Amino acid sequence: MIIEVVVGLFTCLLVWDYFYRKPFEDLYKQSGIKGPKYLPFIGNVLLALKNDTSNVFEMLNNLCKDYGKVVKIWVFGDAVLFVRDAKFFESILSSQQVIKKNRLYALLASWLGDGLLLSSGSKWHSRRKIITPTFHFKILEEFVEVFDQQSSVLVKRLRSKADGKTVLNMFPIICLTALDIIAETAMGVQINAQANPDFPYAKALTSVADIIATRFVRPTQSFDLPFKLFANKSYRKMMRDIKLMQEFTDKVIVERRTRLEESIKNGTFNSETNEMGIKKRMAFLDVLLQSTVNNKPLTNEDIREEVDTFMFEGHDTTTSGISHTLYLLARHPQVQQKVFEEILEVIGSDKDKPVSMRELQELKYLDAVIKESLRMYPPVPMIGRVTEHEVKLDGKTLPANVQVNILIYAACRDPDYFPNPDSFEPERFIGESSSEKYNPFSYVPFSAGPRNCIGQKFAVLEMKSTISKMLRHYELLPLGDDVLPVMNLILRSATGINLGLKPREY
């Protein structure tokens, strides 16, 4: 009797599973979307069972080779698409209907709350409207001063290792520079991470990013319950580190809010200089403290969500971009020399002269070099959306609740869009007609459309400032292992991002 009940129950579950997936599969078939065969209940989870951050690119590449540029899979009951088709990119990124981030982003919620990266609907619109003025030309101009100061700290700290022989992994070095920059521009505080790499906030941020990155590529950890049960040590460490970071941010917010309220009370709120006569610099946090939604100020929790989001998005991404660009310049000396000559022409021969925003904007060839670096090694290799209702994209009808993953890294390395895709050729991005050489939606390192990266100009200016400062002081040498890209929350290398340095004499 028990056996019959079990068999009957199992049969009912099989029937339910079939009819649950059938509407998805019917629309996929109509749209010509293919994918590997799946098993009942678990879908295609076995494909990724032993997945980690080092082999996910190979798995995705093999799927696209076998099934085309739009591939369907099932992760348990989740319908998932992997897309590397530029036309599909344009359709989804330009859509006002598909702007909600997919389920994987929820893994960041315990850290970032419901800030700009994760929110949707009216909350996202109101927050986007508040934050946009933070990247006004005048504020960015003041941030350039921070970029320059922290880059000066960087080159001084590297001096003892610039012997032409020592192999340097630039990622952790640049990471501390970027963290100093983002802390000062986002929160208005100096944490001196470069001088103190064991600073608790810096270590906690790196640890949380690593743990969440692993959860992204391991289906068994992408759900909270199995993550807590089977990776409890990682779960507890993640929560401890998140608590540490949030307490630090909360402390800064309370202090800045108190100072703001006192300045309003004392009538010095709009003063452009502090008590020492030094011009004040507006931090991202200050904009949020002065902002309102429906005539109500943002709560400390609202502000922490956005500050934590800015700290997360604005430090690892620029670290990846700067490190990979330095790596490519080290391995392409002719390109490096051309960039250096442009720097001499625009900024001059004084190595320590502070750079201005106007000078950074005039570094046109460096701009092309950065664009080509971001093509080869996009800091965010994949972004996600979810269809909240049935929608037509690029002529393909998708049902509701499809988790869409846009494979930026794969598209940027696709020979259909970029001839010789593994070759470093900054000239692709030179000239007024450069955008005509490729489909603009095949190159979206900062995303595109209504949910594009709000900090794009900030990031590019920071990259140009840091890279130009490095080249003014050092010749970059091709030392150490080549990069081996791995999928983290941002693009990293399993072998490090290595080069050597030699002081520049001129």
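Select strand 1 to begin, and colour its side chains by direction: Val-70, Lys-72 and Trp-74 point one way, while Val-71, Ile-73 and Val-75 point the other way, and all are buried. In a regular strand the side chains alternate between the two faces of the sheet. Strand 1 covers residues 70-75, and with 6 of its 6 residues buried it is mostly covered. Keep in mind throughout the tour that this is a predicted model.

**The hairpin**

Now add residues 78-83, which form strand 2, running antiparallel to strand 1 and joined to it by 6 bridges. If you label Val-71, you can look for its bridge partner in strand 2, which is Phe-82. The hairpin of these two strands has 2 residues between them, and there Phe-76 takes a positive phi near 55 degrees. Most residues other than glycine have a negative phi, and most peptide bonds are trans.

**From the hairpin to helix 1**

Return to Lys-72 and show Glu-25 beside it, since the two form a salt bridge whose closest N and O atoms are 3.1 Å apart. Glu-25 belongs to helix 1 and Lys-72 to strand 1, so this pair ties together parts that are 47 residues apart in sequence. Are the two partners buried or exposed? Glu-25 is buried, with a relative accessible area of 17%, and Lys-72 also counts as buried, at 8% relative accessibility.

Stay with helix 1, residues 2-31, and select Leu-9, which is found in it. At 52% relative accessibility Leu-9 counts as exposed. Adding Phe-10, Leu-13, Leu-14 and Phe-41 to Leu-9 displays a nonpolar surface patch of about 420 Å².

**Further salt bridges**

The count of salt bridges in the model comes to 35. For one of them, go to helix 10, residues 232-266, where Lys-243 and Glu-247 are 4 residues apart and thus separated by about one helical turn. Their side chains meet in a salt bridge, with a distance of 2.6 Å from N to O, and Glu-247 counts as partly exposed at 44% relative accessibility. Next select Asp-114, Lys-123, Arg-127, Asp-302, Glu-305 and Glu-306 together, which salt bridges that share partners join into one network. Within this selection, Lys-123 forms a salt bridge with Asp-114, the closest N and O atoms being 3.4 Å apart. Lys-123 is partly exposed, with a relative accessible area of 25%, and Asp-114 is partly exposed as well, with a relative accessible area of 30%.

**The cavities and a pocket**

Turn next to the interior spaces, where the count comes to 2 cavities of 30 Å³ or more. The largest cavity has a volume of about 900 Å³. Which residues should you select to find its centre? Of the 49 residues that line this cavity, Leu-117, Glu-313, Thr-317, Val-380 and Cys-453 are the closest to the centre. The elements that give two or more residues to its lining are helix 5 (121-131), helix 8 (200-217), helix 12 (300-330), strand 6 (382-386) and helix 17 (456-473). Helix 12 gives the most to this lining, with 9 residues.

The second largest pocket has a volume of about 540 Å³. To locate it, select Asp-367, Lys-371, Gln-456, Lys-457 and Val-460, which are the closest to its centre among the 24 residues that line it. At least two residues of the lining come from each of helix 6 (137-158), helix 14 (357-362), helix 15 (364-376) and helix 17.

**Two loops with positive phi**

Select Asp-394 in the loop between strand 7 (391-393) and strand 8 (396-398). Its phi is near 50 degrees, a positive value in a residue other than glycine, and Asp-394 counts as partly exposed at 29% relative accessibility. Moving along the chain, Asn-401 is found in the loop between strand 8 and strand 9 (402-407), and the phi of Asn-401 is near 65 degrees, again positive.

**An open sheet to finish**

Finally, select strands 3, 13 and 10, which in that order make an open sheet of 3 strands with antiparallel pairing. Strand 3 (168-169) and strand 10 (474-477) stand at the edges with a single partner strand each, so one side of each is left without a neighbour in the sheet. Strand 13, residues 498-503, runs antiparallel to strand 10 and is joined to it by 4 bridges. As a last pair to label, take Leu-476 and its bridge partner in strand 13, Leu-501.

Methods: Residues are numbered from 1 along each chain as its sequence is written. This is a predicted model: local features need pLDDT of at least 70, side-chain atom pairs count only at pLDDT 80 or more; totals for chains, interfaces and linings use all residues. Side-chain values use heavy atoms; hydrogens and water are left out. Two strands pair if DSSP finds at least two bridges between them. Patches are made of residues with over 30% relative accessible area and no salt bridge: like charges are joined within 9 Å, nonpolar side chains (Val, Leu, Ile, Met, Phe, Trp, Tyr) within 5 Å. Accessible areas come from the Shrake-Rupley method with a 1.4 Å probe; for residues, only the protein chains shown count as cover. A salt bridge is a side-chain nitrogen of Lys or Arg within 4 Å of a carboxyl oxygen of Asp or Glu. Buried means under 20% relative accessible area, exposed over 50%, partly exposed in between (1.4 Å probe, protein chains only). On a 1 Å grid over the protein atoms alone, a cavity is a set of points where a 1.4 Å probe fits but cannot get out, and a pocket is an open set with protein on both sides within 12 Å along at least five of seven lines; lining residues have an atom within 4 Å of a point. Grid points are joined across faces, edges and corners, and a volume is the space filled by probe spheres set on the points.
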